[in-house]
Amino acid sequence: MPDKRITIRATRYDPDRDEKPRLQSYDIPFYDESMVVLDALNYIKSDIDGSLSYRWSCRMGICGSCGMMVNGTPKLTCNAFLRDYWPGAITVQPLNNFPLIRDLVIDMDDFMHKLKSIKPWIIRKQELPLGAGEHHQTNEQIDDFRQFSECINCMLCYAACPVYGLNNEFLGPAAIALARRYNLDSRDQGLKQRLPVIGDAEAIWECSFVGECSVVCPKGVDPAKAIQQTKLDTTMRFVLPYGNRD
Amino acid sequence: MPASWWTRKRHYFLYVAREFTALPLAIWLLWLLYDITQKTTTFGTAFAVFSIVCLPFALYHSFTFLSLAGSIIHLKLLDRPVSSRVIVASQFALWIGASVVIGFLLLRLAQ
């Protein structure tokens with residue numbers, strides 16, 4: 001199919017020249033059924049317009065760098081196949097709800113600060129020396145948090161969340177899901193350090209359970225579930241006797 | 001974010017519809033409480049009509065609320081997690097059971 005072609009409309013924005021973002025159309029060859037939107041962007045950059053800016057890295061849905069709005073839906077462009085859109089045109093825009101730096105590149109500082117605030121690492125009250133051996137876990141203990149550990153920080157859930165779009169103070173789906181991942185980990189003892197952040201009015205209690213974060217997650221994580229379960233857990237912790245024990 | 005964000009996707013629209021259903025239910029409850037404070041023993045036609053109008057809102061709200069229970073409640077039985085389907089089914093069973101019992105009592109009281 002040498003003559004098969006597809007139109008890609010990509011956001012262009014140069015902060016030094018443009019007042020606001022605009023869409024630019026590119027007509028490119030669709031030469032392979034396995035082509036994804038990221039391949040199309042790479043073709044534009046290498047063969048048509050080298051000034052197009054966007055983030056990408058692994059090309060296999062692992063690094064979480066290439067998230068963009070594809071026809072209005074947050075997607076990893078390395079996992080959005082052209083064949084699913086052809087013969088229609090594809091509009092590629094930067095992720096919703098984030099400040100725009102240039103073309104398809106968003107400013108992710110806000111997310112990075114929020115991610116750091118929930119301390120997404122295993123916290124121990126007292127670190128044991130390496131010679132003491134591993135922290136053992138059963139398969140059942142791993143199953144408690146496994147799905148939340150699949151998050152790749154691609155921020156699609158933030159782009160899909162109208163609560164975050166309306167209030168950027170909201171801690172957001174991925175950060176809370178990762179906090180839950182560590183709070184459910186049998187090796188972790190950092191719940192009390194994370195509680196002031198996740199129990200804040202701008203954290204779990206700001207979420208009104210739209211649920212779109214879980215719909216768009218490319219790794220099958222269910223951040224909406226993590227948030228609602230954390231609401232229930234923190235409430236039970238407050239209400240039940242001995243709920244605040246370590 | 002544009003004010004029309006909730007029209008972008010069907011999922012957003014259903015979410016807003018779900019949240020909106022609380023409004024007529026709140027008005028219905030306030031009306032009921034007002035009538036009770038007036039020591040009314042029989043409710044008027046207007047209240048009956050409004051109750052019928054509110055019924056689909058109440059059913060939709062209840063349906064969506066109970067459907068989401070599987071995401072909220074996490075239980076373990078014999079060290080195994082209870083599936084969300086079982087949790088949702090149990091919520092609907094409780095809802096139907098409670099409705100039958102309350103309906104039965106109301107009919108008995110009315111006689």
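I looked up where helix 2 and helix 3 of chain B meet (helices being DSSP runs of H or I, at least four residues, and strands E runs of at least two, numbered from the N terminus). In this predicted model, B:Ala22, B:Pro24, B:Leu25, B:Trp28, B:Trp31 and B:Asp35 of helix 2 touch B:Phe47, B:Phe50, B:Ser51, B:Cys54, B:Phe57, B:Ala58 and B:His61 of helix 3; contact requires C-beta atoms, placed from the backbone, within 7 Å. I sorted these residues into ten nonpolar, two polar and one charged (nonpolar: Ala, Val, Leu, Ile, Met, Phe, Trp, Tyr, Cys, Pro; charged: Asp, Glu, Lys, Arg; polar: the others, Gly among them).

I then took the geometry of helix 2 (22-37) and helix 3 (45-67) of chain B: the angle is about 140 degrees and the axes are 9 Å apart. Axes are lines fitted to C-alpha atoms, for helices over the stretch in contact, with angles from 0 to 180 degrees between N-to-C directions. The two helices are therefore oblique (under 35 degrees is roughly parallel, over 145 roughly antiparallel, 65 to 115 roughly perpendicular, the rest oblique).

Next I checked the chain A sheet. Five strands form an open, mixed sheet in the order 2-1-5-3-4; strands pair if DSSP finds at least two bridges between them. I noted strand 2 (22-29) and strand 4 (73-76) as its edges. Strand 1 (5-12) and strand 5 (90-93) of chain A run parallel over three bridges, and A:Ile8 has A:Ile90 as bridge partner.

For the record, residues are numbered from 1 along each chain as written, and chains are lettered from A, ligands numbered from 1, in written order. Local features need pLDDT of at least 70, side-chain atom pairs 80 or more, while totals for chains, interfaces and linings use all residues.

Definitions and conventions: Two residues are in contact if their C-beta atoms, placed from the backbone, lie within 7 Å.
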